[in-house]
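User: Please take a close look at one strand and its pairing partners, after a brief word on disulfides.

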Amino acid sequence: GPLATPGCPLTCPPPPPPRARQAAAGAPGPDEGQERKREQTAYARRVLLRLAGLLGAGAGATVLYVFGNNALDEHGAKIPDEFDGDPVVIQQLRRTYKYFKDYRQMIIEPTSPKLLPDPLREPYYQPPYTLVIELTDVLLHPEWSLVTGWRFKKRPGIESLFQQLAPLYEIVVFTSETGMTAFPLIDSVDPHGFVSYRLFRDATRYMDGHHVKDISCLNRDPAKVVVVDCRKEAFCLQPFNGLALARWDGNSEDRTLYDLAAFLKTIALSGVEDVRTVLENYSLEDDPLAAFKRRQSQLEQEEQQRLAELAQGRQRPQLFLGSLAGRLWPRSKQQ
């Protein structure tokens, strides 16, 4: 049978569980430790919230003090405004609100209702048309590497485009980039000064997350303005003033700018009264310049066939009906 130890009955009670031993020894149990941790976490959260509230109140008071005071003139004297008759706190609040409202308006709206100066008058020469062209992904392609950082590659045909169009178009580089970024880039692509004006992000209208180029603010006849961009959203306010090109990926064999120069020269030399009638005709094309080249090639084939028939005596001599422009875009669109 089981051996009995001295001083202990045959049936000894089982040893107490660890929790009971901890309680007997005065040590906190798991539940008490978790409760203490929760209390410490709640206390730390309350302290952080109070600190955040104090910092927020201090920041708010600083904003009201900085932006809620009267503007100062060059001598440091306060300039009176329409809020001077209100209580001091109300003055501060209304001036601060007006400041941020004006700042928001500055971001959303163009900097001026007339982004360009008035057209030149005689004896100075004013080109009959205006070309508004984007910089990034139309004339330049941004590239980044760990070794060189950001670099910008020039698209083939920039010099040819500017040289051919400068007598016919007032060239305006209008980009959604900031002036600090874009100004030296424009200098690099236009060393001879063919670009008449430069407009940057602050001249755009910010709508639905896009920087939109509002032609109505250019101070030019919209019937004579062509916008070239790689995003249709850029000219969504005047969709038939725009020509959307494919975004350039940096391919050195690209010929798009040469085709663009030929297209725009045809419009100008044809004396189109309203460019929107022409651009509307190409607006549904996936590649408007390819469509233009296709129509131009077809026209040349028809003209060669007509001349051959005249030479063979199968067609009576007559004036060739329709100008080049009339065959490249339907007549009904030019009425």
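Analyst: The count of disulfides is zero, a disulfide being a pair of cysteine sulfur atoms within 2.5 Å. This is a predicted model, in which local features need pLDDT of at least 70 and side-chain atom pairs count only at pLDDT 80 or more, while totals for chains, interfaces and linings use all residues. Residues are numbered from 1 along each chain as its sequence is written, and side-chain values use heavy atoms, with hydrogens and water left out.

Two cysteines may be placed by their accessibility. C217 counts as buried because its relative accessibility is 8%, whereas C236, at 41%, counts as partly exposed. Here buried means under 20% relative accessible area, exposed over 50%, and partly exposed in between (1.4 Å probe, protein chains only).

The strand chosen is β1, residues 129–133; strands are DSSP runs (E, at least two residues), numbered from the N terminus. Five of its five residues are buried, so β1 is largely enclosed by the rest of the structure. Y129, L131 and I133 point one way from the strand, T130 and V132 point the other way, and all are buried.

β1 has pairing partners, two strands being paired if DSSP finds at least two bridges between them. With β4 (residues 169–174), β1 pairs in the parallel sense over five bridges, and T130 stands opposite E170 of β4. Four bridges join β1 to β8 (residues 225–229), and these strands also run parallel. In that pairing, I133 stands opposite V228 of β8.
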